[in-house]
Amino acid sequence: MWEPVLRTGDVSYACGVSTHEDHRPRARRPRRADVARLAGVSPATVSFVLNRTAGQTISDETRQRVLQAVAELDYRPNRAAQGLRQGRSATIGFVSHDVDFGVFAASAIKGAHEASLRHGNLLLLVNTGASNRQAAQLVADLLDRQVDALIFAAVGTKSVVLPDDARRVPTILLNCFVPDDPVPSILPDEVRGGREATQALLDLGHRDIAYLTGTVSAWATKSRLRGFRQALRGAGLDPRNHTVMAGNYHADSGYELARKLLRRGPRPTAIMCGNDRMAVGAILALLEAGIRVPEDVSVMGYDDQFQLAAEIHPALSTVRLPYDVMGRLAAEQLAAGEPAVGNGRTLVHCPLVLRDSTAAPVGGLARA
C-alpha cells in the first residue's frame, strides 16, 4: 500500500494505490541451507562438496545427493561472499599493453579465458594503448577491484616497464619481459621456430636460401635470424654466403625486397620471410616477374596469421605463433599458484605449418 499525503490548507488527503505486483513475493535465491535440507546433509558438507575441500571424507552417495540438490534448486554460490571468506575474488586481470586488441592478442585472451573458466576464474580485460602511464593506472584499478593475479601481455615480443603495483599479486608477463627476468614470462621460442623453418627448406633440398627479415631491432627478428643461421651451420653451410635483407614486417617491404633480390641475381631457390605479410609481398613480386611459387622459388612465412596464411594462393607455409597456448599456460600457472615465487622465462614451441608455397627445388638439390 502506498499512501502519500497531500496537504492543502488545513485539509489532508491520503491517496492509496495498490497493485497485484506489490503483494507478489519475490523469488528468493536458493541458499546453501536449502541445498543441505534437500540433500539431507549439513551446510558444511555442501561447502566441502562444492569447494572440493581436501581432507574431508565424503561418500560418493552423499556427494551425488548434494550435486543433485544443487541441480534441482539451480543453486549458484555467492561469489562475492566466497571471496570475502576465502580472501580471493576468482578474477584475473588481463592487461593488453598495446595500441588495441589485435588478432594475436585475441588469440592469447581466448586461451587464457578458456583455462580460467576451467579453474572457476574470470578474466577482466583492459588495454593500455601502449602507454606506461595508462598501464600503471589500469593495474592500480584492477587491484582496487581485488583481482587475484595479473597477466601483462604485449604484441610483438619486447622488454616492458612493469608497473610497480603489479608485484603486489602473482603476475605473469605474456610475450614480453623485464630486464634480468625477476618476473616470470612466457615467450614464443623464436630461435627454434627460425631453425625449424629453415630446416624444413633444407630437408626439401634447398641450399640457396635468402632471408628477408623484419625490423632489425626487434627481439623476434634477432631470435629467428639466430635460428636461421643455426640450421645453416648444422647443414654444413656458411651463413655468410646467404643473402639477408632487412624489412619492416609489412607487405610492401616484402614486395620491394623481393624485387631487389631478383635484380641482384642469381635467384635463390627459397626465400624465408620475416612474417606472413612480408611473404605475401614477396610472392606478389615473384609472380609479377613470371616466377612460379613454389615451382621456381619456395616461400616461407612466419606467424600463421589468421585469415591470411591459409587463404592466399598458394597457401603459405609458415610457423605458428602459439599465442593461444601461451595465454592458456599463463592462466593455468596462475590458477596453480606457480609464479608466486617464480621467475625466469618459459619458451613455448612455435609449430611449423607446411602448405603449398614450399616444395623441393627443380632438379633436386640446389647449388651449395
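Helices and strands in this tour are DSSP runs, numbered from the N terminus, with at least four residues for a helix and at least two for a strand. The model on display is predicted.

**First stop: two cis peptide bonds**

Please begin by selecting proline 314, which lies in the loop between strand 11 and strand 12, the latter spanning residues 318-319. The peptide bond leading into proline 314 from histidine 313 is cis, and its omega is near -5°.

Next, move to proline 294. The loop that holds proline 294 runs between helix 11 (276-288) and strand 11 (298-300). Select valine 293 together with proline 294: the peptide bond joining them is cis, with an omega of about 10°. Such places merit a pause, because most peptide bonds are trans.

**Second stop: positive phi angles**

Select alanine 130 in the loop between strand 4 (122-127) and helix 7 (132-144). Although alanine 130 is not a glycine, its phi is positive, at about 65°. With a relative accessibility of 40%, alanine 130 counts as partly exposed, because that class covers values between the 20% and 50% limits.

Then select aspartate 181, found in the loop between strand 6 (171-177) and strand 7 (185-188). Aspartate 181 is likewise not a glycine and has a positive phi, here about 55°. Is aspartate 181 buried or exposed? Its relative accessible area is 18%, so aspartate 181 is buried, the limit for that class being under 20%. As background to both selections, most residues other than glycine have a negative phi.

**Third stop: a charged patch on the surface**

Now display helix 10, residues 251-264, and pick out lysine 260 within this helix. Lysine 260 is partly exposed, with a relative accessible area of 41%. Which residues gather with lysine 260 in a patch of positive charge on the surface? They are Arg259, Arg263 and Arg264. Selecting these residues together with Lys260 shows the patch.

**Last stop: cysteines in the interior**

Finally, select cysteine 273, which is buried, with a relative accessible area of 1%. Cysteine 350 is also buried, and its relative accessible area is 1%. How many disulfides does a search of the whole structure find? The search finds zero; a disulfide would require a pair of cysteine sulfur atoms within 2.5 Å.

Notes. Residues numbered from 1 in each chain as written. Predicted model: local features only at pLDDT ≥ 70, side-chain atom pairs only at ≥ 80, totals over all residues. Heavy atoms only, no water. Buried < 20%, exposed > 50% of the residue type's maximum accessible area, 1.4 Å probe, protein only. Patch = residues over 30% accessible without salt bridge, like charges linked within 9 Å, V, L, I, M, F, W, Y side chains within 5 Å. Areas by Shrake-Rupley, 256 points an atom, 1.4 Å probe, with all protein chains shown as cover. Salt bridge = Lys/Arg side-chain N within 4 Å of Asp/Glu carboxyl O. Lys, Arg positive; Asp, Glu negative; His and termini not counted. Charge placed at Lys NZ, Arg CZ, Asp CG, Glu CD.
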